[in-house]
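Biologist: I am a first-year student and would like a close look at a single part of this protein, followed by a connected account of how other places are built. Please explain each term as you reach it.

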Amino acid sequence: MKITRTDAYLIDLEPETARTDAIQAFVKQETIFVEIETDGGTHGTGYAYTIGTGGRAVLQLLREDLLHRLIGRDAREVEALWQELFWATHGTVVGAITSLALAAIDTALWDIRCKAAGQPLWLLAGGARQRVPLYDTEGGWLQLSTDELVAGAKRSVARGWPGVKIKVGKPHASEDLERLRAVREAVGPEVHLMVDANQSMTWPEAKRRAHLFEELDLFWFEEPLPAEDISGHALLAASTSLPIAVGESLYSIIHFREYLPAGAAGLAIGLYDAGA
């Protein structure tokens with residue numbers, strides 16, 4: 001299955017409704033697509049995305065430094081190709097731009113592998129589980145009023161979602177607490193309720209808010225501090241009963257390996273590219 005053609009392109013997707021969290025507004029999604037085709041006609045598509053900046057840097061990296069290295073290679077050698085591309089760009093790893101580019105290629109190669117084998121990804125990757133728990137984050141944005149949060153959470157539960165995630169990081173902790181109490185009261189104790197601070201807090205403020213949030217039996221407290229602050233996360237995790245979640249802004253297995261032994265997080269989520 002020799003690779004004969006590669007392509008990359010970007011599409012800006014503008015959301016119908018503005019969305020905000022504690023540090024940014026989600027004004028558009030820059031979606032970077034990678035297409036790979038083999039001599040047997042098998043076609044694979046992968047993608048990565050940003051929430052408004054950096055997408056064209058990812059696209060340029062793909063076009064100038066990565067995709068040409070795939071021509072003539074066996075598309076089934078997914079892990080070997082990932083390793084070669086990783087080391088070919090080692091001067092810029094590990095970080096968001098390179099990891100997003102590698103993830104788009106990796107996904108396209110897995111798409112080809114699955115099509116060739118006639119198997120879905122979950123089975124070809126090992127098939128350890130046929131079902132995984134999900135949660136809904138769409139109704140939890142920071143700009144929404146308390147009434148809107150409650151209405152969104154009720155809709156999610158009615159549709160069968162076992163959990164909902166709410167953005168936190170209002171100027172005053174009392175605002176976050178009031179909003180979360182209203183949602184917890186509306187959905188009851190059985191629904192998983194998560195919160196996400198999007199790296200917006202200092203360690204003392206995150207500790208204070210975690211203490212306030214404990215009464216709500218949260219399923220996790222996500223990205224309370226900047227992703228590079230491992231020691232701060234360790235201090236926070238030791239000071240609260242809430243599970244601390246990280247991962248959306250980590251781009252390497254090495255980073256997770258640093259977090260977990262330090263006791264800096266109880267949950268690792270959101271890794272873009274498992275090969276990293």
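Where does Glu 223 lie, in terms of strand E8 and helix H8?

Modeller: Glu 223 lies in the loop that runs between strand E8 (220-222) and helix H8 (230-239). Helices (H or I, at least four residues) and strands (E, at least two) are DSSP runs, numbered from the N terminus. Before going further, please keep in mind that this is a predicted model, in which local features need pLDDT of at least 70 and side-chain atom pairs count only at pLDDT 80 or more, while totals for chains, interfaces and linings use all residues. Residues are numbered from 1 along each chain as its sequence is written, and side-chain values use heavy atoms, with hydrogens and water left out.

The backbone of Glu 223 takes a positive phi of about 40°, although this residue is not a glycine. With 4% relative accessibility, Glu 223 counts as buried, a word that stands for under 20% relative accessible area, whereas exposed is over 50% and partly exposed is in between (1.4 Å probe, protein chains only). In H8, which follows this loop, the residues Gly 232, His 233, Ala 234 and Leu 236 are buried. They are covered by parts that include H7, strand E9 (244-246) and helix H9 (253-259). A positive phi also appears at Gln 199, which is not a glycine either and has a value of about 65°. Gln 199 is found in the loop between strand E7 (192-196) and helix H7 (203-213), and at 23% relative accessibility it counts as partly exposed.

From these loops we can turn to a sheet. An open sheet of 3 strands has the order E1-E4-E5, with antiparallel pairing, where two strands pair if DSSP finds at least two bridges between them. Strand E1 (3-13) and E5 are the edge strands, each pairing on one side only. Neighbouring strands of this sheet are turned by 15° against each other on average, direction ignored; such angles run from 0 to 180 degrees between N-to-C directions, and the axes are lines fitted to C-alpha atoms, for helices over the stretch in contact. E1 and E4 pair in the antiparallel sense over 10 bridges, and in E4 the bridge partner of Ile 3 is Thr 38. H3 packs on the sheet, where it touches E1, E4 and E5, and its direction makes about 150° with that of E5; contact here is a matter of heavy atoms within 4.5 Å.

On the other side of the strand order, E4 and E5 pair in the antiparallel sense over 8 bridges, and the bridge partner of Val 34 in E5 is Gly 46. The hairpin of E4 and E5 has 4 residues between the strands, and Gly 41 takes a positive phi near 90° there. In a regular strand the side chains alternate between the two faces of the sheet. Along E5 this alternation can be followed: Gly 44, Gly 46, Ala 48 and Thr 50 point to one face and are buried, while His 43, Thr 45, Tyr 47 and Tyr 49 point to the other and are not.

Aromatic rings add links of another kind, and a search of the whole structure finds 8 aromatic pairs. One of them joins Phe 33 and Tyr 47, and it is tilted, with 6.3 Å centre to centre and 40° between the planes. Phe 33 lies in strand E4 (residues 29-38) and Tyr 47 in strand E5 (residues 43-50), so the pair ties together parts that are 14 residues apart in sequence. For such pairs, rings of Phe, Tyr and Trp (its six-membered ring) must have their centres within 6.5 Å, and planes under 30 degrees apart count as stacked, over 60 as edge-to-face and the rest as tilted. Tyr 47 counts as partly exposed, at 46% relative accessibility. Phe 219 and Trp 220 form a tilted pair as well, at 5.9 Å centre to centre and with 45° between the planes; Phe 219 is partly exposed, with a relative accessible area of 36%, whereas Trp 220, at 6%, counts as buried. Ring pairs also link Tyr 9, Phe 33 and Tyr 47 into a cluster.
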